[in-house]
Amino acid sequence: MLLIQYPKCSTCKKAKKWLDEHQIAYTDRHIVEARPSYDELTEWYKTSGLPLKRFFNTSGMLYKEMQLKDQLPELSEEDQLKLLATNGMLVKRPLLVDDNQVLVGFKEAEWEEKLL
């Protein structure tokens, strides 16, 4: 499994702690230093079955500064994915990715249901 996270993010820290406590092996990836590519985001979006809006870090400063709340509805899916690929701070975190599922954000109950 691949855990894409931002080290200063408190939710990411909780997710890592949870994975460690449940002895679930993962590879750690810094979302800013190795930001997700357009192709990765496209694949994860399709695999997740989630609405694309869930992949945006809507509480982040960059999202607010760019006023994306107003712009996103007018962008195509392709343009939204390209936008996400420009800056890791736009992407909701943590992301937990394996071959057949993608979990966006950390909700303990959801992770328990899907991983244990």
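Just after helix α2, G49 takes a positive phi of about 75°. That's a handy way into this structure, which is a predicted model. From α2 we'll go on to the aromatic rings, a pair of cysteines without a bond, the largest pocket and a few backbone oddities.

**Helix α2 and what it packs against**

- Helix α2 covers residues 38-48, and its buried residues are L41, T42, W44, Y45 and S48.
- Those buried residues pack against quite a list of elements: β1 (2-5), β2, α5, β3 and β4.
- One of those partners, strand β4, spans residues 101-104 and holds Q101.
- Q101 counts as buried because its relative accessibility is 17%, and buried means under 20%.
- Leaving out residues up to four places away in sequence, Q101 touches T47, L96, K114 and L115.

**Aromatic pairs**

- How many aromatic pairs does a search of the whole structure find? The search turns up five.
- In one of them, the ring centres of W18 and F106 are 6.3 Å apart with the planes at 55°, so this pair is tilted.
- W18 sits in helix α1, while F106 is in the loop between β4 and α6 (108-115), so the pair ties together parts that are 88 residues apart in sequence.
- W18 and F106 are both buried.
- Another pair, Y45 with F55, is edge-to-face, at 6.2 Å centre to centre and 90° between the planes.
- Y45 belongs to helix α2 and F55 to the loop between α2 and α3, so here the linked parts are ten residues apart in sequence.
- Y45 and F55 are both buried too.
- Ring pairs also link W18, F106 and W111 into a cluster.

**Two cysteines, no bond**

- The structure holds zero disulfides.
- Why don't C9 and C12 form a bond? The sulfur of C9 is 3.1 Å from the closest cysteine sulfur, the one in C12, and that is too far for a bond, because a disulfide needs the two sulfur atoms within 2.5 Å.
- It works out the same way from the other side: the closest cysteine sulfur to C12 is the one in C9, at 3.1 Å.
- Are these cysteines buried or exposed? C9 counts as buried at 11% relative accessibility, and C12 is buried as well, with a relative accessible area of 1%.
- C12 also gives a reference point for E33: they are 21 residues apart in sequence and 15 Å apart in space, C-alpha to C-alpha.
- E33 itself is in the loop between β2 and α2, and at 67% relative accessibility E33 counts as exposed.

**The largest pocket**

- The largest pocket has a volume of about 150 Å³.
- Which residues line the largest pocket? They are C9, T11, N57, S59, G60, K92, R93, G105, F106 and K107.
- Two names in that lining have come up before: C9 and F106.
- By type, the lining divides into two nonpolar, five polar and three charged residues.

**Backbone oddities**

- Most residues other than glycine have a negative phi, and most peptide bonds are trans, so the next few spots are worth a look.
- R93, one of the residues lining the largest pocket, is joined to P94 by a cis peptide bond, with omega at about -5°.
- P94 is in the loop between α5 (77-86) and β3 (95-98).
- Q23 isn't a glycine, yet its phi is positive, near 50°.
- Q23 lies in the loop between α1 (10-21) and β2 (27-30), and Q23 is exposed, with a relative accessible area of 74%.
- Q67 has a positive phi as well, about 50°, although it is not a glycine either.
- Where is Q67 found? Its place is the loop between α3 (61-65) and α4 (68-71), and at 54% relative accessibility Q67 counts as exposed.

Note on methods
Residues numbered from 1 in each chain as written. Predicted model: local features only at pLDDT ≥ 70, side-chain atom pairs only at ≥ 80, totals over all residues. Heavy atoms only, no water. 1 Å grid on protein atoms, 1.4 Å probe; cavity = no way out; pocket = protein on both sides within 12 Å on 5 of 7 lines; lining within 4 Å. Points joined across faces, edges and corners; volume = space filled by probe spheres on them. Nonpolar A, V, L, I, M, F, W, Y, C, P; charged D, E, K, R; others polar. Buried < 20%, exposed > 50% of the residue type's maximum accessible area, 1.4 Å probe, protein only. Helix = DSSP H or I, 4+ residues; strand = E, 2+ residues; numbered from the N terminus. Contact = heavy atoms within 4.5 Å. Phe/Tyr/Trp six-rings, centres within 6.5 Å; stacked < 30°, edge-to-face > 60°.
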